[in-house]
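Thanks, I will keep this short. I would like to walk through some helix packing and then a few individual residues.

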Amino acid sequence: MKKMMISTLVAAAALFAVANQAHAGATLDAVKKKGFIQCGISDGLPGFSYADASGKFTGLDVDVCRAVAAAVFGDATKVKYTPLTAKERFTALQSGEVDILSRNTTWTSSRDGNMGFVFAGVNYYDGIGFLTHNKAGLKSAKDLDGATVCLQSGTDTELNVADFFRANKMQYTPVTFDRADESAKALESGRCDTLATDQSGLYALRIKLSKPDDWVVLPEVISKEPLGPVVRRGDDDWFTIVKWSLYAMLNAEEMEITSKNVDELAANPKNPDMAHLLGKEGHYGEELKLSNDWAHNIIKQVGNYSESFERNVGQGSDLKIKRGLNALWNHGGIQFTPPVR
């Protein structure tokens, strides 16, 4: 009887493994069949995903989607975008409405372990802060006792703000909105004393206000908010491609490969690591189920991580955010990536 039970369990495990193998790669197959990537992005956050007057989307999160398209199709334009609110984003990914969620989403244990998702890396290290009017004269977030706080519903911010006020024995009144723009308008109209969200989001929302210079971001960062692209759990091939598309941009910056010099360096790589990344040695692209020039295409069409950061949120943008934690590990930051090897 015992031997029969063991045999049954072994057979069940084998069937489970076969089922998993059959499922692996399903997203990649579907993406190739339809000819584009459906990418879930924010519903209008400058620097991360924002449409201009012609409807063209740009931003740090948008560039992740473009990088994956360049890796898979050799064409960074093979993307269609679905703007999503914080409440809508997870349902859209779970249902298969989008292939990737690249929407300033915080990596947490519950999202990683309980919702059927897996994070493919961190494209922006952030933390929650507070935006207030200069005339309030506040110097610290600890001056916010009794404040009315604008928040976006369905976000990690709600929990972190509650934790901050409780830990500091302070009172506050939350006012929640579905969309970031709605919370910014409420702040500007005087409905709230302060707005809380990721600090990058505060800088992005501030430039939308009628008089941006009248508003100040308080110095405290009250949480850890590693933001990055998310995919459905259970499709290892797709997860690996999304992850390494981001890693390719970071590796390129570390090797000083840019969109302008990538062709020249591909013709004459300076070292083995560069040759691996640019597809001149080994079969690393094929191992990812991509062409060997996958990283070359990303760098040529999207740029390295520094190029994407500076034009979208850094010194080449309206936000003027400093690299800070998002600098490479060898330049005082914590961005660190495995090698192509």
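Where is the place of Gln-301? Gln-301 sits in helix 13. Before going further, note that this is a predicted model.

Gln-301 counts as partly exposed, because its relative accessibility is 28%. Apart from residues up to four places away in sequence, Gln-301 touches Arg-66, Ala-70, Gly-74, Asp-75 and Ala-76. One of the polar interactions here involves the backbone: the side chain of Gln-301 reaches the backbone oxygen of Gly-74 at 2.9 Å. For a sense of distance, take Lys-208: the C-alpha atoms of Gln-301 and Lys-208 are 29 Å apart in space, and the two residues are 93 apart in sequence.

That brings us to the helix pair. Helix 3, residues 60-73, and helix 13, residues 294-301, have axes that come within 7 Å and cross at roughly 140 degrees. Helix 3 is therefore oblique to helix 13. The handedness of the crossing between helix 3 and helix 13 is right-handed. On the helix 3 side, the residues that meet helix 13 are Arg-66, Ala-67, Ala-70 and Ala-71, and on the helix 13 side they meet Trp-294, Asn-297, Ile-298 and Gln-301. Sorted by class, the contact of helix 3 with helix 13 has five nonpolar residues, two polar and one charged. On the spacing along a helix in general: an α-helix has 3.6 residues a turn, so residues three or four places apart point the same way.

Which residues does Ser-245 contact, leaving aside its neighbours within four places in sequence? Ser-245 is in contact with Ala-67, Val-68, Ala-71, Trp-294 and Ile-298. Of these, Ala-67 and Ala-71 are in the helix 3 part of the contact just described, and Trp-294 and Ile-298 are in the helix 13 part. Ser-245 itself is found in helix 9. Ser-245 counts as buried, because its relative accessibility is 1%.

Staying with helix 9, the next partner is helix 14. Helix 9 covers residues 236-254 and helix 14 covers residues 305-312; the two pack at an angle of about 100 degrees with their axes 7 Å apart. So helix 9 is roughly perpendicular to helix 14. Met-249, Leu-250 and Glu-253 of helix 9 meet Tyr-305, Ser-306 and Ser-308 of helix 14. The residues of the contact of helix 9 with helix 14 divide into three nonpolar, two polar and one charged.

Helix 14 also packs with helix 3. The axes of helix 3 and helix 14 come within 9 Å and cross at roughly 145 degrees. Helix 3 passes helix 14 in a right-handed crossing. Helix 3 contributes Leu-60, Asp-63 and Arg-66 to this contact, and helix 14 contributes Ser-308, Phe-309, Arg-311 and Asn-312. By class, the contact of helix 3 with helix 14 has two nonpolar, two polar and three charged residues. Arg-66 was also among the helix 3 residues that meet helix 13, and Ser-308 among the helix 14 residues that meet helix 9.

Now to another part of the chain, helix 8. Is helix 8 largely enclosed or open? Helix 8, residues 199-206, is largely enclosed by the rest of the structure, because six of its eight residues are buried. The buried residues are Gln-199, Ser-200, Gly-201, Leu-202, Ala-204 and Leu-205. They pack against several elements, including strand 8 (128-133), helix 7 (180-189), strand 11 (194-198) and strand 13 (225-227).

Asn-160 is found in helix 6, residues 156-167. Asn-160 is buried, with a relative accessible area of 17%. Its side chain makes a polar contact of 2.9 Å with the side chain of Glu-225. Leaving aside neighbours within four places in sequence, Asn-160 is in contact with Ile-128, Ile-222, Ser-223 and Glu-225.

The last residue is Ser-42, which has its place in strand 1, residues 37-42. Is Ser-42 buried or exposed? Ser-42 counts as buried, at 3% relative accessibility. Not counting residues up to four places away in sequence, Ser-42 touches Ser-49, Pro-83, Leu-84, Arg-103 and Asn-104. A polar atom of the Ser-42 side chain lies 3.4 Å from the backbone nitrogen of Leu-45.

That is what I have for today.

Conventions
Residues are numbered from 1 along each chain as its sequence is written. This is a predicted model: local features need pLDDT of at least 70, side-chain atom pairs count only at pLDDT 80 or more; totals for chains, interfaces and linings use all residues. Side-chain values use heavy atoms; hydrogens and water are left out. Axes are lines fitted to C-alpha atoms, for helices over the stretch in contact, and angles run from 0 to 180 degrees between N-to-C directions. Helices (H or I, at least four residues) and strands (E, at least two) are DSSP runs, numbered from the N terminus. Angles under 35 degrees count as roughly parallel, over 145 as roughly antiparallel, 65 to 115 as roughly perpendicular and the rest as oblique. A crossing is left-handed if the near helix is turned anticlockwise from the far one by less than a right angle, and right-handed if clockwise. Contact means heavy atoms within 4.5 Å. Ala, Val, Leu, Ile, Met, Phe, Trp, Tyr, Cys and Pro count as nonpolar, Asp, Glu, Lys and Arg as charged, and the others, Gly among them, as polar. Buried means under 20% relative accessible area, exposed over 50%, partly exposed in between (1.4 Å probe, protein chains only). A polar contact is a pair of N or O atoms within 3.5 Å; within protein, one must be able to donate a hydrogen and the other to accept it, and residues adjacent in sequence count only if both atoms are side-chain atoms.
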